[in-house]
Amino acid sequence: MEFKVPTMAQMIADGETPEILFWVGCAGSFDERAQKITKDISKILHHVGLKFAILGTEESCTGDPAKRAGNEFLFQMQAMANIELLNAYDIKKIVTGCPHCFNTIKNEYPELGGNYEVIHHTQLIQGLIDEGKLKASNGEFFKGKKITYHDPCYLGRANGVYEAPREILQQLDADLVEMKRCKTNGLCCGAGGAQMFKEPEKGDKDINIERVEEALSLSPNIIAAGCPFCMTMLSDGVKHFEKENEVQVLDLAEITAKANGLS
Amino acid sequence: MQIRCPMILQFLFLVLLIAAAGLFAKNISKIRRNILLGRDLDLSDQKGLRWMNLLKIALGQSKMAAKPIPFLLHLCLYVGFVIINIELIEIVIDGLAGTHRVFAPMMGSLYNFLIASFEWLAFLVLLACVVFLSRRNLIKLKRFTGTEMTKWPKSDANYILVIEILLMTAFLTMNAADAKLQFANVEHYIKAGSFPVSAFLQNILPNDAASLIAIERTCWWFHIIGIFAFLNYVPYSKHLHILFAFPASYYGSLHAKGKINNMQSVSNEVKAMLDPTFVPVQTESPGRFGAKDATDLNWKNLLDSYACTECGRCTSMCPANQTGKLLSPRKIMMDTRDRITEIGKNIDLHGKDFKDDKSLLDQYVSREELWACTTCNACTEACPINLDPLSIIIELRRYLVMEESAATASLNTMQSNIETNGTPWKFANSERANWTN
């Protein structure tokens with residue numbers, strides 16, 4: 001990275017407090033594809049001059065896949081350790097790069113003692129656009145391109161965030177087309193509920209293939225996503241149909257960074 | 001008046017009324033007992049919001065509107081059912097007192113308006129039933145098929161529609177005969193009511209008073225006995241939703257859909273592990289973690305299972321089901337209901353401590369079904385009355401993982417990675433911030 005991304009530990013040592021904590025998530029930290037999204041979220045935060053920090057090696061899995069696989073023990077062990085850390089740093093506001101982390105911290109941590117204002121990065125970006133801090137200066141890149149947006153379940157149905165991602169896309173001079181199964185009727189990419197970490201049960205086809213088939217039927221240039229798990233599933237699906245040269249799967253953070261000349 | 005409607009018939013009516021109401025109350029109280037076999041759950045909060053949900057979702061049918069055609073047809077049945085049943089009050093009084101159209105003299109022209117409305121509604125009910133029957137049996141909509149849609153659920157749906165057709169036909173034929181008798185100034189048949197629909201049936205009825213009286217009386221008795229019988233069919237049928245949709249929507253989740261409940265029993269153990277001085281919050285002894293059998297589920301899960309009308313919107317939206325996996329959220333609801341009903345029957349036959357060697361898990365719901373769920377909430381979103389198959393799936397998974405350690409191998413790897421590295425993949429946590437370099 002061309003600028004320094006500070007950790008909470010460093011900030012505290014320097015006697016500073018961030019405006020917002022960037023909860024990167026495991027996919028965003030380790031998965032090569034998702035790391036690009038993480039970097040673009042950081043670039044956006046840096047670009048608008050928002051003082052932010054990450055937890056660095058102190059961050060640990062929220063426990064989402066463990067909970068949804070049925071391991072409530074492991075989930076609560078993770079949750080309580082994370083909450084202890086977040087409370088020790090007196091964190092007030094968190095932006096996450098992953099809808100699963102977003103949902104867990106927002107909805108499941110409060111009862112266990114973790115109360116924070118939690119937003120997903122698409123909501124942050126939409127807010128920055130509304131405040132005029134982000135402008136689609138490099139918008140020509142998207143001009144006339146057909147973009148379809150895949151609703152991540154844990155952003156859409158799980159938390160009712162349907163509009164923020166779409167408003168980001170509407171800023172561009174692109175052609176936003178909707179799949180038939182969108183918003184409340186959105187079809188899962190197939191990775192939720194710990195499916196990301198296992199082979200699917202036997203059936204007629206894989207869920208991500210079904211989803212990408214639907215997306216490709218619109219002949220889009222770009223499939224927009226807002227979740228690192230969806231990113232993996234959709235990219236795999238596009239490769240399955242050998243369309244990776246014609247159709248890009250991009251996160252909304254990547255699209256925003258590109259439109260603002262940050263990447 | 002007493003000649004045609006002797007005391008014996010009034011007495012017979014009273015006996016039938018008491019028998020029908022009594023049997024219905026007995027069966028409903030059994031279902032209530034079955035539901036309360038589930039675990040405790042405190043849902044006494046936010047009463048205002050809950051009442052709003054009941055009014056909006058159950059009474060106002062707000063979520064039905066997502067599918068406009070079934071919504072309109074269902075609305076005909078629903079409004080027809082509720083409003084035509086107003087006339088039941090009159091029928092019951094007439095039956096008990098031996099009167100005929102007892103409300104007519106006191107209501108005047110309002111009575112004519114009401115009877116005319118009932119006729120139009122009866123017509124709409126008939127129409128809706130015919131369309132529904134053809135959707136199920138001629139067009140064979142995919143939503144009404146599936147592994148769980150065996151002979152009984154299919155017949156059940158058809159029985160309901162056929163019974164409603166018979167009841168409405170009897171109602172209209174009765175009115176047609178009545179109108180003709182009124183016109184012929186036959187004694188007892190006071191001039192009352194307006195018959196815009198049944199007027200079309202008058203021509204096919206005979207003209208002599210004796211036959212008309214026989215038809216009118218037969219239809220009257222058929223209609224009311226049919227209603228008594230139907231009332232007692234409902235507790236065995238998916239049609240129970242006409243009652244249970246109300247408590248189910250009242251007690252429905254008020255949280256964001258993405259929230260899965262935190263188990264207090266686990267919090268106690270985890271907190272005690274982290275802090276030996278911790279004094280646990282008193283909870284009901286969980287017995288086991290998660291659910292193996294229907295009685296391990298909470299009472300709301302069981303209430304949901306009885307409220308389900310097997311419409312299949314959940315299953316038709318389920319990504320696992322759409323791609324040919326075994327999972328069907330409707331089957332989860334039906335299995336839960338069938339199992340808790342079986343447990344209830346065992347209690348009736350063998351006493352409350354009887355245990356058979358079956359359970360909801362494995363005998364009803366297979367592990368393969370459970371592991372196919374992506375927790376995407378398409379099912380809970382699609383349900384017109386906010387039932388929650390997902391929470392049943394999660395409870396069964398909790399039992400598999402926490403009691404039997406029976407997750408699939410790859411899920412076990414994911415869990416041990418979290419335990420050792422704090423991430424579901426096999427990465428060292430020290431590398432977590434390497435992307436910043």
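Across the interface of chain B and chain A, 37 residue pairs are in polar contact, counting pairs in which both residues are at pLDDT 80 or more; I mention that threshold at once, since what we are looking at is a predicted model. On the side of chain B that touches chain A, at least two residues each are supplied by α10 (264-274), α13 (319-322), α16 (367-371), α17 (378-382), α18 (389-403) and α19 (409-421) of chain B. Of these helices, let me single out α10(B), from which the largest share of that side comes, namely seven residues.

Taken as a whole, the contact draws 59 residues from chain B and 70 residues from chain A, and the two chains bury about 5,500 Å² between them, with 64% of that area on carbon and sulfur atoms. Charged pairs also cross the boundary: the count between chain B and chain A is four salt bridges, and one of them joins the side chains of A:Lys202 and B:Glu368, with an N to O distance of 3.4 Å.

Let me turn to chain B on its own. Chain B has 19 helices and zero strands, and its C-alpha trace spans about 95 × 45 × 40 Å along the principal axes. Of the 437 residues in chain B, 52% are buried; and if one takes the contacts within chain B between residues at least 6 apart in sequence, 77% of them join residues at least 24 apart.

One helix of chain B that can be checked against simple geometry is α14(B), which covers residues 329-350. How far apart are the end C-alpha atoms of this helix, given that its 22 residues should span 32 Å at 1.5 Å a residue? The end C-alpha atoms are 31 Å apart, which agrees with the expected span. As for its surroundings, 16 of the 22 residues of α14(B) are buried, so the helix is largely enclosed by the rest of the structure. The residue that follows α14(B) is B:Gly351, and its phi is positive, near 95°. A little further along, the side chains of B:Lys352 and B:Asp353 meet in a salt bridge, at 3.8 Å from N to O, and both B:Lys352 and B:Asp353 are exposed.

A rather different setting is found around B:Arg101, which forms a salt bridge with B:Glu87, the closest N and O atoms being 3.8 Å apart. This pair links distant parts of the chain, for B:Arg101 sits in the loop between α4 (86-97) and α5 (104-107) of chain B, while B:Glu87 is in helix α4 of chain B, 14 residues apart. Both B:Arg101 and B:Glu87 are buried. The side chain of B:Arg101 has a further partner, making a polar contact of 2.8 Å with the side chain of B:Asn175. B:Asn175 belongs to helix α7 of chain B, residues 151-183, and is buried, with a relative accessible area of 0%. Leaving aside neighbours within four places in sequence, B:Asn175 is in contact with B:Arg101, B:Ile115, B:Glu119, B:Phe195 and B:Ser198.

Over all chains, the structure holds 44 salt bridges. In chain A, one of them pairs A:Glu214 with A:Arg181, whose closest N and O atoms are 2.8 Å apart. Because A:Glu214 lies in helix α9 (residues 207-216) of chain A and A:Arg181 in the loop between β6 (175-177) and α9 of chain A, the pair ties together parts that are 33 residues apart in sequence. Here, too, A:Glu214 is buried, and so is A:Arg181. The two also belong to one network, in which salt bridges that share partners join A:Arg181, A:Lys205, A:Glu210, A:Arg211, A:Glu213 and A:Glu214.

I will finish with the cysteines. How many disulfides does the count give over all chains? The count comes to zero, and with a cut-off of 2.5 Å between the sulfur atoms, two cysteines in chain A show how the count is reached. The sulfur of A:Cys61 is 4.6 Å from the closest cysteine sulfur, which is in A:Cys26, and that is too far for a bond. Likewise, A:Cys98 is in no disulfide, the nearest cysteine sulfur, that of A:Cys101, being 4.0 Å away. As to exposure, A:Cys61 is buried, with a relative accessible area of 4%, and A:Cys98 is buried, also with a relative accessible area of 4%.

Conventions. Residues numbered from 1 in each chain as written. Chains lettered and ligands numbered in written order. Heavy atoms only, no water. Buried < 20%, exposed > 50% of the residue type's maximum accessible area, 1.4 Å probe, protein only. Helix = DSSP H or I, 4+ residues; strand = E, 2+ residues; numbered from the N terminus. Expected span 1.5 Å × (residues − 1). Contact = heavy atoms within 4.5 Å. Buried area = accessible area lost by both parts, 1.4 Å probe. Polar contact = N/O pair within 3.5 Å; in protein donor to acceptor, adjacent residues only side chain to side chain.
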